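Student: I am new to this structure and would like to know how its descriptions are reached. Could we go through them together, one term at a time?

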Amino acid sequence: MIENSRTVTQVHFFSTKTIVVNEAIADRLKFQVIEDNCPPSSCDSHLIEKFYSFLRLENWGDLQQIGHLLSPLVVINVLYKCKDNAELGLRFFCWVGKQKNYQYTSQSLSAMIHILTKGRKLADAQSLLLRMVRKSGVSTSLAVDALVNTYKNCNSNPLVFDLLIRTYVQVKRMREATEAFHRIRNSGFLPSIIACNSLLGGLVKASWVDLAWQLYTEILQSKISINVYTFNIMMNALCKERKLQKAKNLLDEMELKGFSPDIVTYNTLIDACCRYGLLGEAFNFLNAMSEKGLVPDILTYGALMNGYCREGNVEEARKLMKEMLQKGLFPVNRTYNILINGYCKKGNAKEAAKLYIEMEDSGLVPDVITYSLLISVHSKEGLLHQAMNYFNKMQQNGLVPDSVIYTMLIGGYCRKGDMGEAFKLRDEMVERGSMPDVVTYNAMINGLCKERRLPEANSLLNEMVERGLVPDYVTITTIIDGHCKEGYAEKALALFNGMLERRLKPDTVTYNALINGFCKEGNMEKAKELWNAMVDKNIFPNHITYCIFIDELCRKGDFVEAFRLREEMSEKGITPNVVIYNSMINGLCRAGDVHKAEELIKRMMETGLVPDSVTFNTLIHWHCKEDNMSEAFRLANVMVEFGVMPDVITHNALINGLCRKGNMQEAKIIFGKMREKGLIPDKSSYTTLIDGYFKEGNSYEAFKLHDEMLERGFVPDDTF
């Protein structure tokens, strides 16, 4: 074998010119391992000369007459004679491919690849290599051995082995590419650093980082001269695995070996730091980069902007874009998408929409990512009209919405409770060939359960299974929760058991739904059984689990157990929140112990929690019920002092208390103040006042409010 240590000049292997090797010939590439590389006999030599002579004279008629005499030995030896004339060799190769019942051998194919590579017809050589590696039955060892065995007779160029490695990388067959590297090296040839870099880059991109490091070590051991690109690829490998300290060490090693880091080196490090929340470190690299005379490019700014957006600091990211513009760098789609995504994560649909307009005004055409972000944020914020506008604009610009975009919109309509529009979009999605996935079905099932349309949710679950989709734990948990809320806890439990049989892992949300269902039915024994089963599986109760139990215990008047659970929460590091205290306060008030409820509020505030509207409204309601109006009004004033504005429920409680005492003048004033504050009276506000006026005998005021109630679309009980 030939030991090759020459440096190969980098060339562009993949050109856009028309490939001569057409599909008809490609169909003949059913390669066989035939010994066609042995010396020809005198008889064969005469025939080979005859074929070659007719070929040189382009005497295709005479060639056709002796075409039936073709053999693998003749073909490869004629090709060897064409080793310095790629055009002639290719014409012969194509003619051979058209002969009846003839199949190329791996040797003749390899010879043609050598001739094309040597003649710098790399696109044609690439085409044949692609056919070779894609055909079944052609192993890596066969491909490499065939090229090695025909190398000398073709007086070939080692570039052919680079081309083979790069071809495997191109078709994403990384294991075969690595095997080819080893077999080529073991055959006495050294792939160039260009091919090695291509292979290393492909391995890192495919996340085969360990294999990339093994190969890197072998490259160093083989004395193949590495370059800056090699270091950049391995730097990227380290950054991909969050090994930033090792990446810094590699940077030092790079400089010690005399290589100057380039813009790609620093962009890789800056991007990694920004992705992992190390913005300060990213700016350190930016400074080091500037000290070396390297000028930040659009990728540098994009990485830093992304870093700020990840921290929620979109305004600083916008400042960076202005700085970028001042330096003559113009934003691209990705730049705007980073900022739009930053605002979308904060739920700021308004600013995201402004950036979209700015993007269009700058001459850029928004892409699928832009529209996905805008549709997502507007759907989540309930701004479905705007979301649909972007959906329509996207299609007007020739972009095709995928299942993810349809699911975003469907989810938005489901959250809004507009299941009609959700189903309409689902049907449109299917008509356009984009099939709903598990996430789509989950959104719709959740929407139906929220609307208490359980039979339809069950029907959708069946449809999902019939379509071959496997419900996940979110699907089953949603259905379980829907059944529990409708009072079908036993049915929910059956679904839960089916979930376990299918080895789907329930989480705290699943257990909370079931526990809540059984608590609502008053079956505390079953709820406790589920609690214990949950803990046994190392799924630990959260503040919602405790809240469900405490609320039910307070409803039953078991305050001793409720307070014990609250203490247990604190011991386990779960801080009781306002919702839990509100459940206990309401329970105490229902039990007639308002004083103890007020003491609990003080203890709650000592922990740093601030009473909310529910806390105040609960106490105000019970003071009004006890005809203690002075205390109720005092609490309403305290409520304002705490920055909690009285709502419709607060005003209704006060109106109800005043009406009970027959103080209709005061009740009317409170009703008027509620309107002055921009609060809209509800049905309870009207019916309480109407009932009060009738009890007072003031039918005029009662009917006046009754008519107003009708005008506002409320349906009165009319039981007076």
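Student: What makes the contact between the side chains of Lys-118 and Asp-84 a salt bridge?

Tutor: A salt bridge is a side-chain nitrogen of Lys or Arg within 4 Å of a carboxyl oxygen of Asp or Glu. For Lys-118 and Asp-84 the N to O distance is 2.5 Å, so the pair fits that definition. In the chain the two are 34 residues apart, with Lys-118 in helix H6 (residues 106–118) and Asp-84 in the loop between helix H4 (72–81) and helix H5 (86–97). Helices are DSSP runs of H or I with at least four residues, strands are runs of E with at least two, and both are numbered from the N terminus.

Student: What kind of model is this, and how are its residues numbered?

Tutor: It is a predicted model, in which local features need pLDDT of at least 70 and side-chain atom pairs count only at pLDDT 80 or more, while totals for chains, interfaces and linings use all residues. Residues are numbered from 1 along each chain as its sequence is written, and side-chain values use heavy atoms, with hydrogens and water left out.

Student: Why is Asp-84 called exposed, and why is Lys-118 called partly exposed?

Tutor: Buried means under 20% relative accessible area, exposed means over 50%, and partly exposed is in between (1.4 Å probe, protein chains only). Asp-84 has 61%, so it counts as exposed. Lys-118 has 25%, so it counts as partly exposed.

Student: How do you know that Asp-427 and Arg-426 form a salt bridge, and is Arg-426 buried or exposed?

Tutor: Their closest N and O atoms are 3.2 Å apart, which means the pair meets the distance rule for a salt bridge. Arg-426 is buried, because its relative accessible area is 10%. Asp-427, at 37%, is partly exposed.

Student: What separates Lys-602 and Glu-599 along helix H34?

Tutor: About one helical turn, because they are three residues apart in H34. Lys-602 and Glu-599 form a salt bridge, with 3.7 Å between the closest N and O atoms. Glu-599 is partly exposed, since its relative accessible area is 35%. Elsewhere, Arg-318, Glu-351, Lys-354 and Glu-358 are joined into one network by salt bridges that share partners. The whole structure holds 38 salt bridges.

Student: What makes H4 a mostly covered helix?

Tutor: Eight of the ten residues in H4 are buried. Among them are Leu-73, Val-75, Ile-76 and Tyr-80.

Student: Which residues form a nonpolar patch on the surface?

Tutor: Met-605, Val-610 and Phe-642 do, with about 240 Å² of accessible area together. Patches are made of residues with over 30% relative accessible area and no salt bridge, where like charges are joined within 9 Å and nonpolar side chains (Val, Leu, Ile, Met, Phe, Trp, Tyr) within 5 Å. The areas come from the Shrake-Rupley method with a 1.4 Å probe, and for residues only the protein chains shown count as cover. Met-605 lies in H34, residues 594–606. At 34% relative accessibility, Met-605 counts as partly exposed.

Student: How many cavities of 30 Å³ or more are there, and what makes a space a cavity or a pocket?

Tutor: The count comes to one cavity. On a 1 Å grid over the protein atoms alone, a cavity is a set of points where a 1.4 Å probe fits but cannot get out, whereas a pocket is an open set with protein on both sides within 12 Å along at least five of seven lines; lining residues have an atom within 4 Å of a point. Grid points are joined across faces, edges and corners, and a volume is the space filled by probe spheres set on the points. The largest cavity holds about 30 Å³. H19 gives the most to its lining, four residues.

Student: What is the volume of the largest pocket, and which residues lie nearest its centre?

Tutor: Its volume is about 380 Å³. Of its 21 lining residues, Thr-477, Thr-478, Asp-481, Lys-485 and Ala-513 lie nearest the centre. Helix H27 supplies the largest share of the lining, seven residues.

Student: What is unusual to look at in Arg-503?

Tutor: Arg-503 has a positive phi of about 60° although it is not a glycine. Arg-503 lies in the loop between helix H28 (489–501) and H29, and it is exposed, because its relative accessible area is 77%.
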